[in-house]
Amino acid sequence: MHAARSTLTLAATTALAGLAVLILAATVVAAPLVGGADEQPSITDRETLVIGVNDDRPGLSMRAGDGSLKGFDIDVATYVAGRLGVAPKDLTFKPLSSQRNERERALRDGKVDMVIATYSITPERKAEVTFAGPYYVAHQDILVRQGDRSISGVRDLRGKRLCWVGGSNSWRRVTEERKVPAVLDPKPAPSYAKCVEQLADGRLDAVSTDDLILAGYAAVPGSGVTVVNAPFSDERYGIGLRKGDVSGCREVNRILTGMYQNGAAETLLDQWFSTSGLDIAITVPQFEGCS
């Protein structure tokens with residue numbers, strides 16, 4: 001009788017152990033399905049934010065005398081962050097260059113939560129970044145020395161010394177998309193600030209990139225350069241988020257819509273570019289799909 005009871009107890013224990021293993025295995029398999037296997041933290045869940053920006057572009061994002069960053073991009077970043085519930089004191093601005101893939105790496109590696117840095121939306125970048133916006137649609141134009149009337153449009157860049165910056169696509173729109181054989185230095189310039197310096201002192205003939213960037217430089221007193229006002233492309237400035245932050249993207253798009261509808265966008269654009277001579281668009285841009 002005792003032997004039978006022991007045998008029965010052993011069988012029951014073995015069955016229960018087997019059941020536990022099955023439950024554990026099912027839990028391990030099912031766990032990733034809760035909330036999505038590749039779901040990452042969203043910017044909507046943050047109490048602080050690190051935002052990647054430029055720090056050398058007048059009117060957009062430039063160091064002031066006190067060391068703070070000022071400009072349209074900084075104001076847009078502060079506006080968006082505020083609507084996400086993050087106060088200015090909880091914002092950190094991290095300067096990033098336009099060098100190849102630096103902004104993408106900063107997002108991927110978690111060094112920044114967003115990038116707001118005249119960051120044009122392209123198919124190549126969309127493969128690595130989820131873009132909200134655009135928050136503004138700029139147009140590529142040309143910067144020349146004051147008094148230079150030899151360049152009135154993109155076709156006039158044929159044979160001219162054109163500056164180019166590593167990581168930027170602007171020069172490609174001249175030499176590749178429009179097949180204009182401008183002369184490029186073998187080495188890229190480290191920044192558009194350096195391009196403008198070389199243009200002003202005669203080492204270059206032209207700088208071509210987004211009109212808001214060019215207008216900022218042209219508005220600096222004594223710059224010696226001017227915008228041609230011959231736009232030839234659309235440059236859709238997006239707000240870069242980590243790949244896959246769809247909820248964050250949708251929330252930022254909602255905020256940007258409100259920014260245009262309530263007049264805040266027009267106020268900011270007028271504050272920074274009203275003296276530039278550019279025709280500033282103040283309608284809500286057509287947003288990219290969040291993906």
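This is a chat about the disulfides, cavities and aromatic pairs of a predicted model.

Q: Let's start with the cysteines. How many disulfides does a search of the whole structure find?
A: Two disulfides turn up in the predicted model. Numbering the bonded cysteines of the protein chain in sequence order, they pair 1-2, 3-4.

Q: Which cysteine does Cys-163 form a disulfide with?
A: Its partner is Cys-195, and the two sulfur atoms sit 1.9 Å apart. The pair ties together distant parts of the chain, 32 residues apart. Cys-163 is in the loop between β8 (161–162) and α5 (170–175), while Cys-195 belongs to helix α6 (residues 192–200).

Q: Left-handed or right-handed, that disulfide of Cys-163 and Cys-195?
A: Left-handed, because the torsion about the S-S bond is about -70°.

Q: And is Cys-163 buried or exposed?
A: Buried, since its relative accessibility is 5% and the cut-off for buried is under 20%. Cys-195 is buried too, with a relative accessible area of 0%.

Q: OK, what about Cys-249, where does its disulfide go?
A: To Cys-290, with the sulfur atoms 2.0 Å apart. This pair also links distant parts of the chain: Cys-249 is in helix α8 (residues 246–261) and Cys-290 in the segment after α9 (264–273), 41 residues apart. The link of Cys-249 and Cys-290 is left-handed, with -75° about the S-S bond. Both Cys-249 and Cys-290 are buried.

Q: Switching topic: how many cavities of 30 Å³ or more does the structure hold?
A: Two. The largest cavity has about 130 Å³ of space, and the second largest has a volume of about 30 Å³.

Q: What lines the largest cavity?
A: 15 residues do, with Thr-118, Ser-120, Ser-168, Asn-169 and Ser-170 nearest its centre. β6 (114–120), α5 and β10 (207–210) are the elements that each give two or more residues to that lining.

Q: What's the lining of the largest cavity like by class?
A: There are seven polar, six charged and two nonpolar residues.

Q: Where does the largest cavity lie relative to domain 1 and domain 2?
A: Between them, because domain 1 (49–137 + 236–274) and domain 2 (140–233) both give residues to its lining.

Q: And which residues line the second largest cavity?
A: Lys-126, Val-129, Thr-130, Phe-131, Gly-289 and Ser-291. Strand β7 (residues 129–145) contributes the most, with three residues. By class, that lining has three polar, two nonpolar and one charged residues.

Q: Now the rings. How many aromatic pairs are there?
A: The count comes to six aromatic pairs. One of them is Phe-72 with Tyr-135: their ring centres are 6.2 Å apart and the planes are at 40°, so the pair is tilted. Phe-72 is in helix α2 (residues 72–83) and Tyr-135 is in strand β7, 63 residues apart, so the pair links distant parts of the chain.

Q: Are Phe-72 and Tyr-135 buried or exposed?
A: Phe-72 is buried, with a relative accessible area of 0%. Tyr-135 counts as buried as well, at 0% relative accessibility.

Q: What about the rings of Phe-72 and Tyr-136, how are they arranged?
A: They're edge-to-face, because the planes are at 80°, with the centres 6.4 Å apart. Here Phe-72 in helix α2 meets Tyr-136 in strand β7, 64 residues apart. Tyr-136 counts as buried, at 3% relative accessibility.

Q: Which residues form one aromatic cluster with Phe-72?
A: Tyr-135, Tyr-136, Tyr-237 and Phe-273 join Phe-72 in one aromatic cluster.

Key: Residues are numbered from 1 along each chain as its sequence is written. This is a predicted model: local features need pLDDT of at least 70, side-chain atom pairs count only at pLDDT 80 or more; totals for chains, interfaces and linings use all residues. Side-chain values use heavy atoms; hydrogens and water are left out. A disulfide is a pair of cysteine sulfur atoms within 2.5 Å. Helices (H or I, at least four residues) and strands (E, at least two) are DSSP runs, numbered from the N terminus. Buried means under 20% relative accessible area, exposed over 50%, partly exposed in between (1.4 Å probe, protein chains only). On a 1 Å grid over the protein atoms alone, a cavity is a set of points where a 1.4 Å probe fits but cannot get out, and a pocket is an open set with protein on both sides within 12 Å along at least five of seven lines; lining residues have an atom within 4 Å of a point. Grid points are joined across faces, edges and corners, and a volume is the space filled by probe spheres set on the points. Ala, Val, Leu, Ile, Met, Phe, Trp, Tyr, Cys and Pro count as nonpolar, Asp, Glu, Lys and Arg as charged, and the others, Gly among them, as polar. Domain bounds come from an automatic or database domain assignment. Rings of Phe, Tyr and Trp (its six-membered ring) pair if their centres lie within 6.5 Å; planes under 30 degrees apart count as stacked, over 60 as edge-to-face and the rest as tilted.
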